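User: Please take a close look at one helix of this protein and how it sits against the parts around it. I would like a connected account rather than a list.

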Amino acid sequence: MSKKPTTGPALHKVIMVGSGGVGKSALTLQFMYDEFVEDYEPTKADSYRKKVVLDGEEVQIDILDTAGQEDYAAIRDNYFRSGEGFLCVFSITEDDSFQATQEFREQILRVKNDENIPFLLVGNKCDLNDKRKVPLAECQSRAQQWGVPYVETSAKTRENVDKVFFDLMRQIRSRKTEDSKTTNGRVKDKSKRRKIKLGAQFKTIMIFYDLIRDISNRKKQGQSTVPAPTRNKKGCCRIL
């Protein structure tokens, strides 16, 4: 007797996007290894995978840390297509990185063609609040405009690092559940329509069967054909 294949933990694919130097890699490494790497070479594209417990369920998170440099913009679309959720990171100490989030958002929506894609706007380096260049109200306003959560993090102090990854995984999980229900609903509707169609076909067959049986009985009684219809006084047809 063959064993049934066992399904492994659910896999959630997260893409890190944002300008260079905002701390995408620092956030990723802090989440993965509980360590802060201050001096990090510019990222080309690194992928990480880790098993975590999400609300009591063991899952896997796959993190793709993309490049912020424009040199790698040509391959971004392929990265975006593979992603199930996005952390869009900027530095609260650099207004240019905040303005760049608009372009990243537009690129993602263009590739995914889905305004409800799991997405968090992340203001990193909140430990440098005294050097803040992007007002909190402006960050919150943009997130509200996009209909996404806004969270401020610090890769250095680990503030809200776990939160952004786990909150995004919850969004991804919820989206997968909704998509699964929609798919199952379509299958059920299709099956229902098929049953209705088959039922109608069966009724049509039975009508012809009854008609043929009636003709056969009439032939046995000496009536070779079905009598032509006659009209009653009201002009309606009836069969003799």
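Analyst: Two strands are counted as paired when DSSP finds at least two bridges between them. The model is predicted, and in it strand E1 (residues 10–18) and strand E3 (residues 57–66) pair in the parallel sense over seven bridges. Lys13 has Asp62 in E3 as its bridge partner. Against E1, E4 and E5 of the sheet packs H3, whose direction makes about 165 degrees with that of E4.

The pair E1 and E3 belongs to an open sheet of six strands, ordered E2-E3-E1-E4-E5-E6, with mixed pairing. Strand E2 (45–54) and E6 are the edge strands; each has a single partner strand, so one side of each lacks a neighbour in the sheet. From one strand to the next, the twist averages 25 degrees.

The helix chosen for the close look is H4, which spans residues 136–146. Its buried residues are Cys139, Arg142, Ala143 and Trp146. Viewed down the axis of H4, these buried residues fall within an arc of 95 degrees, so they line one face of the helix. The spacing follows a general rule: an α-helix has 3.6 residues a turn, so residues three or four places apart point the same way.

What do the buried residues of H4 pack against? Their partners are strand E4 (85–91), helix H3 (95–112), strand E5 (119–124) and strand E6 (150–152). H3 and E4 thus appear again: H3 touches E4 on the sheet, and the buried residues of H4 pack against both. E6, another of these partners, is an edge strand of the sheet.

The face of H4 turned away from the buried side carries the exposed residues Ala137, Gln144 and Gln145. Just after the helix comes Gly147, with a positive phi of about 75 degrees.

For the wider setting, the protein chain holds five helices and eight strands. From the N terminus on, they run β-α-β-β-α-β-α-β-α-β-α-β-β. Of the 240 residues in the chain, 35% are buried. Among contacts in the chain with a separation of 6 or more, 71% join residues 24 or more positions apart. The accessible surface of the chain comes to about 15,400 Å², and carbon and sulfur atoms account for 51% of that surface.

Definitions and conventions:
Residues are numbered from 1 along each chain as its sequence is written. This is a predicted model: local features need pLDDT of at least 70, side-chain atom pairs count only at pLDDT 80 or more; totals for chains, interfaces and linings use all residues. Side-chain values use heavy atoms; hydrogens and water are left out. Helices (H or I, at least four residues) and strands (E, at least two) are DSSP runs, numbered from the N terminus. Buried means under 20% relative accessible area, exposed over 50%, partly exposed in between (1.4 Å probe, protein chains only). Contact means heavy atoms within 4.5 Å. Accessible areas come from the Shrake-Rupley method with a 1.4 Å probe; for residues, only the protein chains shown count as cover. The arc is that of the directions from the helix axis to the C-beta atoms. Axes are lines fitted to C-alpha atoms, for helices over the stretch in contact, and angles run from 0 to 180 degrees between N-to-C directions.
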